[in-house]
Amino acid sequence: MKYEITKEETKETRMITVNDVSLNFSGQTLFKHVDLKFTPGNCYGIIGANGAGKTTFLRILSGDLEPTTGEVVISKDQRMSVLKQDHFQYDQYTVLDTVIMGNQRLYDIMKEKDALYAKEDFTDEDGVKASELEAEFADMDGWEAESDVSRLIQGLGLSEDILYSEMSTLTAKEKVKVLLAQALFGKPDIILLDEPTNHLDIQAIQWLEDFILECESLIIVVSHDRHFLNTVCTNIVDVDYGGIKMYVGNYEFWYESSQMMQRLIRDQNKKKEEKIKELQEFVSRFSANKSKSKQATARRKLLDKLTVEEMPASSRRYPFVGFKMDREPGKEILAVEGLTKTVDGRKVLDNVSFRVNKGDKIAFVGEDEIATTTLFKILMEELEPDEGTFKWGTTITTSYFPLDNSAFFNDCDLNLVDWLGQYTADNAEEGTESFKRSFLGRMLFSGDDVYKPVKVLSGGEKVRCMLSRMMLFGSNVLVLDQPTNHLDLESITAVNNGLIDFKGVVLFASHDHEFVETIADRIMEFVDGKLIDKMCTYDDYISGQRDEMLARLKG
Ligand SMILES: Nc1ncnc2c1ncn2[C@@H]1O[C@H](COP(=O)(O)OP(=O)(O)OP(=O)(O)O)[C@@H](O)[C@H]1O
Ligand SMILES: [Mg+2]
């Protein structure tokens, strides 16, 4: 009998099956007994607190990490691609190479071929090897690779001209697009995306939403962005309570039903507790009384059977973010005069001048992130301007939250306590371990967590470290370049409140509408290098003020 694969079976074989997967890191269990099935045509949203284990779970799915127990089954011919959480990883490669690396084997062949042909003493053996590589290369449609890449890049709204630029010269938004192109290169069957909306502005997020809605691959995406999750997800996968559970429906549906479940367990527990109390009273009153002792025994038995279901502890918690300044700022805060800077042939700052007043909370908004990041780097003396000057007041102390924090963590072997210790003041109080631990505790690092090496921290945990570091400085001016990237909702709320309460001056960049609206009382935006500067809230800015300012700028 001939065996035919029916449609249903094809679908079955194309899925990912997770069987009894558990993961421990140095004795701590992130999740255990995870049994899940992922099928094509669906988009699964992985949610959970910072550090809950979302990236770790993706690494297990992609085969990058072995689970402590259990297995992940994916049929062999399925090609999988991954968008990692770290968008700065490919900085030293060209755009073309980065995208082709989406198909690692193809990339390796190309590099091996290049190395062979570059050899001065090309032997017969090398010739044989080269022809083998050429054959495999042709089999993989290697000759089409460059034009495929160029098509993808243009489809994503980027110009073909950037193919040979280094990744480090691109804006964060362009980088994500290139990395998305990498993840999509060669039509993978399974696409894993770890926080793709970080560094994307609203238009680009919408583009990605449309893309996912039309895509037929099996997609698994980690995100903290509620709107995005609601738009694209068919299922929600929650990493919490030491396990991973799947729910059908989008984020809102998950949220409502999980709240309901919690309430149900709580109500049931309350009823049971009342019953237990009643029984206990009865038993203690009547167990000495002969005529009632039979009843009392029966009730005691009942009592033994009643157990209050343990409410598992959630990993969703609020950190404490509070910035105190050691010294009040004087009247002179910052004066910027005629700053001009060209980056990669583009004038991102063009004769920019402004003065910062005491108490200003300035949000830098708009499309041109490079301009804002460049300005911040100049103000922090990491970059030299081409022209112009700036002057901080003599009473001013600053602390800076950079867009890319990898320099603080990569190749760093310190644990959390020692890492923070690099930034504590040289005095008896701040030098103690308990001082550092109390600081880390407010950022939700407790127990043995504080002895973890910082390089294993999750994206959000690294951000929490950077915030602890800033809180330590007691500065009166804070400069923050997109501080909410990577953070979960609880942490964003904490940072948001911390900045609202801060009595000093804040200069920050963010794409989060509510964050900007509730903190800023002054809005700045760079358009073609020119500064728009308006004392108003963000809502007022986008509903009219911006157009007026733009007209004045252009007129
Ligand atoms: N090699 C390791 N050794 C010990 N702990 C580790 C290791 N790798 C990761 N961890 C810890 O495991 C936890 C889960 O990390 P993971 O990166 O999966 O979190 P996440 O859910 O993706 O968080 P985020 O939302 O912040 O990106 C974190 O507390 C992290 O510090
Ligand atoms: Mg992560």
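The protein chain of this predicted model has 20 helices and 18 strands. Taken along the principal axes, its C-alpha atoms fill a box of roughly 100 × 85 × 50 Å. The chain has 555 residues, of which 35% count as buried. Among contacts in the chain with a separation of 6 or more, 71% are between residues 24 or more positions apart.

Helix α10, residues 251-286, is a convenient place to begin. The helix has 36 residues, and at 1.5 Å a residue it should span 52 Å. Its end C-alpha atoms are 52 Å apart, so the model agrees with the expected span. How many of the 36 residues of α10 are buried? The number is two, so the helix lies largely in the open. Lys272 is one residue in this helix. With 14 other C-beta atoms within 10 Å, Lys272 is partly exposed, because a residue counts as buried at 20 or more such neighbours and as exposed at 12 or fewer. Lys272 also shows how sequence and space can part ways. Thr307 is 35 residues from Lys272 in sequence, yet their C-alpha atoms are 7.7 Å apart.

Strand β15, residues 477-481, gives a contrasting picture. The strand is mostly covered, with five of its five residues buried. Val477, Val479 and Asp481 point one way from the strand, while Leu478 and Leu480 point the other way. Both sets are buried, and Asp481 is therefore buried along with the valines and leucines, since each residue here meets the cut-off of 20 or more other C-beta atoms within 10 Å.

β15 has partner strands in β14 and β16. Strand β14, residues 398-401, runs parallel to β15 and is joined to it by four bridges. Within this pair, Ser399 stands opposite Leu478. Strand β16, residues 505-509, also pairs with β15 in the parallel sense, over five bridges. Here Val477 of β15 has Val505 as its bridge partner in β16.

Another part of the chain forms an open sheet of three strands in the order β11-β10-β13, with antiparallel pairing. Which strands stand at the edges of this sheet? They are β11, residues 346-356, and β13, residues 387-392; each has a single partner strand, so one side of each is left without a neighbour in the sheet. Neighbouring strands of the sheet are turned by 20° against each other on average, direction ignored.

The pairing of β10 with β11 can be followed residue by residue. Strand β10 covers residues 334-343 and meets β11 in the antiparallel sense over seven bridges. Val336 has Phe354 of β11 as its bridge partner, and Leu339 stands opposite Val352 in β11. The hairpin of β10 and β11 has two residues between the strands, and in it Asp344 takes a positive phi near 50°.

Helix α12, residues 369-379, lies across β10, β11 and β13. The helix runs at about 60° to β11.

Backbone angles give a further point of interest. Most residues other than glycine have a negative phi. Asn351 departs from this pattern, with a positive phi near 55°. Asn351 is found in strand β11 and is partly exposed, with 14 other C-beta atoms within 10 Å. Asp411 also has a positive phi near 55°, but its place is in the loop between α13 (406-409) and α14 (416-421). Is Asp411 buried or exposed? With 7 other C-beta atoms within 10 Å, Asp411 is exposed.

The last stop is ligand 1, which is surrounded by 21 residues. The closest are Asn50, Thr55, Thr56, Ser458 and Gly460. Helices α2 (54-61) and α17 (459-473) each supply at least two residues of the shell. By class, the shell has five nonpolar, twelve polar and four charged residues.

How values were computed: Residues are numbered from 1 along each chain as its sequence is written. Chains are lettered from A and ligands numbered from 1 in the order in which they are written. This is a predicted model: local features need pLDDT of at least 70, side-chain atom pairs count only at pLDDT 80 or more; totals for chains, interfaces and linings use all residues. Two strands pair if DSSP finds at least two bridges between them. Axes are lines fitted to C-alpha atoms, for helices over the stretch in contact, and angles run from 0 to 180 degrees between N-to-C directions. Two residues are in contact if their C-beta atoms, placed from the backbone, lie within 7 Å. A residue is near a molecule or strand if its C-beta atom, placed from the backbone, lies within 6 Å of it. Ala, Val, Leu, Ile, Met, Phe, Trp, Tyr, Cys and Pro count as nonpolar, Asp, Glu, Lys and Arg as charged, and the others, Gly among them, as polar. The expected span of a helix is 1.5 Å times one less than its number of residues.
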